[in-house]
Amino acid sequence: MTDMLIKVEQIVTRFGKNTVHDGVSMEVARGEVVAVIGGSGTGKSVLLKEIIGLLRPESGRIHLFGVDMLTADEADLEQVRQRFGMLFQDGALFSSLNVEQNVATPLLEHTHLPKAVCLQLARLKLAMVGLPPSAANQMPSELSGGMRKRAALARALALDPELLCLDEPTSGLDPISARAFDHLIRTLADNLGLTILLITHDLNTLLSIIDRAVVLSGSKVLGSGTVAEIRQINDPWLHEYFSSCTTLETAHGN
Amino acid sequence: MSAPAIRPESIDNKLYLHATGDWRLSQLDTQQPQLPAAPRAETNYLDGAEITSLDTSGALMLLKLLYDRDIPPDSVVLNNFSNAHQTIFELVRQNFSASQQRQPAARHRTLARIGRNAGSVGEHLIGMINFIGILTLEVGNLLRHPLRFRIKELANQVETIFVYALPLAFAMMFLLGLVFAYLLGIQAEQYGANIFVVDGSALAICRELAPVIVAILVAGRSGAAITAQIGTMKVYEEIDAIKVLGLSPYAVLVLPRILALLIALPLLVFVGDIAGLFGSMVIADQQLSVTPITFINRLQQVLETKTVVIGLIKAPVFAVFIGTIACYMGFTVARDARSIGINTTSTVVQSIVAVILINAIFAIILVKLGI
């Protein structure tokens, strides 16, 4: 039996009268790189926040590393939180700390390692995500968008998590930085054996680094599978989405 | 789960290092393995056959143990590593040197720090003068095209700065008037001069207490709000959006706020006057047996119009300073969350200092003029 890191069953979410999810189910196995796609307002970010325990769905069940996130006590949640890393859309670096301290924060909070070792680990993570050593002492406000994302990724990797959750990792980056970032994510996933769940709008990301995609539409899961499988699904939004992809491929062909 | 360990073995001038166990962050947290002493060797081998699991933290620890023994990480030959472990180990090895070099943080010596602070104070003053210049030009512009003035924004601001502050201003000045008259009454009673409490309270409240206290209240309440709001707008590029629309952020944001303060502060001071006198009247009746009728009669005799007017004249001056400082600090917010906090604090501090300083200048001028 494959080891399921994430198991979401029949999630129902409502905000007031607005139903965001109406029976959403999905699974992510260890070692997979899975993307959640869907139009704006289909509840992708909400789903991600529910999986990592920032929001509570109205009903349904969520298992993360086999722990029931909706009934687990604080001690179990604390354990789970150290096993995944989260990259927020705009990085969410702490603006009062410099880059090195930002990355060292999870280590300083959750381990008993001496501060010097924590900082060495932080600098290792920064080098791994391709930031120059000079970035370590800079404040987040002094960094460019791409560097900020890389620093945030380093923080998400600080505790050597098994699972990495990424909320639109390439949004706000130029195409070159976005491709470099995609490449970086895939390299880290392959080298470190990470499982990755990401939300994206970026077709290039989808086509280049994804094992499997889950499509959300009309508050349900429309389908899930490889990109080729998903393209077979008959849905107006998906058609429109992939039609821009055809143009992209033609452009590449030229 | 087994504890991580490393064991050296010397054979024919070759050093074999056998690593065993879980080299993971969670394991290394509780106990850090030591490398037992071993003779130096030409070639060093790291044997990973018995490593049960490895993550980047574990790999870094391994490399660090070697590095601390003067075994250069690049020269170590890996033996019997599983593929997954080898990729992780190589990835960490590539980046090892970066993790060891600490970028020295810029040192701030006292003298340099004083110099830098003085520089930033100077910059701040120049910026402020520049800001006042821009505002003056904007006012000139607006006088030529009065229709461009944001009357609705002004009304909104007057509502938040004046109407919502009314209960607080009233309550604060009422209590202050109460306490002031009570303490004054204790002294006056000893000389049987109960009625003179009216003189003292009226002068102090109308001339000094109400304007200063209300100005400090507004600086803390509205000044901070203005800085935080304009600062947040700057962080989200709303100010740039206003500029791109061909509007002036000064005319749209700053002038309505300063004008609203100009209108609201004297009104609040007047309310404060009444609240303070009312408080004094209550305590005079309770404590000093000066009936409200007597109190008001006495007030009519001793409270000169000039006293009230002096208090009210200070208010718009305070308002201009609070408004200018608050708006300027809002515009100088850098693009992060921390900077909003710093600038908001700075607004309140600067405004309160400005209010107290201006009040002192007023006192000196008025005394010199004999008013």
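This is a short walk through a two-chain model, chain by chain and then across the contact between the chains.

Okay, before anything else: what you're looking at is a predicted model, so please keep that in mind throughout.

Let's start with chain A. It has nine helices and ten strands. How big is it overall? The C-alpha trace spans about 55 × 55 × 40 Å along its principal axes. The radius of gyration is 19 Å, and a compact globule of 254 residues would come out near 18 Å, so the two agree. As for the inside, 43% of the 254 residues in chain A are buried. And if you take the contacts in chain A between residues at least 6 apart in sequence, 63% of them join residues at least 24 apart.

Now the sheet. Six strands of chain A make an open sheet, and the order is 6-7-8-3-9-10, with mixed pairing. Which strands stand at the edges? Those are strand 6, residues 84-87, and strand 10, residues 220-225. Each has a single partner strand, so one side of each has no neighbour in the sheet. Going from one strand to its neighbour, the average turn is 15 degrees, ignoring direction.

Let me zoom in on that strand 10 edge. Strand 9 of chain A, residues 212-217, runs antiparallel to strand 10 of chain A, and five bridges join them. If you want a pair to click on, Leu216(A) sits opposite Val221(A) of strand 10.

Over at the other edge there's a helix to look at. Helix 5 of chain A, residues 145-156, lies across strand 6 and strand 7 of chain A, strand 7 being 163-167. Relative to strand 6 of chain A, that helix runs at about 165 degrees.

Next, two backbone oddities, one in each chain. As a reminder, most residues other than glycine have a negative phi. Phe65(A) has a positive one, near 55 degrees. You'll find Phe65(A) in the loop between strand 4 (59-64) and strand 5 (67-68) of chain A. Is it buried, partly exposed or exposed? Phe65(A) has 18 other C-beta atoms within 10 Å, so it goes down as partly exposed; the bar for buried is 20 or more.

The chain B case is Ser289(B), again not a glycine, with a positive phi of about 45 degrees. Ser289(B) is in the loop between helix 10 (249-287) and helix 11 (292-302) of chain B. With 10 C-beta neighbours inside 10 Å, Ser289(B) counts as exposed.

Staying with helix 10 of chain B, how does helix 5 of chain B meet it? Their axes come within 10 Å and cross at roughly 100 degrees, which means the two helices are roughly perpendicular. From helix 5 of chain B, residues 110-144, the contact uses Ile134(B), Leu135(B), Glu138(B), Val139(B) and Leu142(B). Helix 10 of chain B brings Tyr250(B), Ala251(B), Val254(B) and Leu255(B). By class, that's eight nonpolar residues, no polar ones and one charged.

Last stop, where the chains meet. How many residues are in contact? 22 from chain A and 23 from chain B. On the chain A side, helix 4 (115-128) and helix 6 (175-192) each supply at least two residues. Helix 4 of chain A gives the most, with six. And what's the chemistry of that side of chain A? Ten nonpolar, ten polar and two charged residues.

That's my tour, thanks.

Key
Residues are numbered from 1 along each chain as its sequence is written. Chains are lettered from A and ligands numbered from 1 in the order in which they are written. This is a predicted model: local features need pLDDT of at least 70, side-chain atom pairs count only at pLDDT 80 or more; totals for chains, interfaces and linings use all residues. Two residues are in contact if their C-beta atoms, placed from the backbone, lie within 7 Å. Helices (H or I, at least four residues) and strands (E, at least two) are DSSP runs, numbered from the N terminus. Ala, Val, Leu, Ile, Met, Phe, Trp, Tyr, Cys and Pro count as nonpolar, Asp, Glu, Lys and Arg as charged, and the others, Gly among them, as polar. The radius of gyration is taken over C-alpha atoms; the globule rule is 2.2 Å times the number of residues to the power 0.38. A residue is buried if 20 or more other C-beta atoms lie within 10 Å of its own, exposed if 12 or fewer, and partly exposed in between; C-beta atoms are placed from the backbone. Two strands pair if DSSP finds at least two bridges between them. Axes are lines fitted to C-alpha atoms, for helices over the stretch in contact, and angles run from 0 to 180 degrees between N-to-C directions. Angles under 35 degrees count as roughly parallel, over 145 as roughly antiparallel, 65 to 115 as roughly perpendicular and the rest as oblique.
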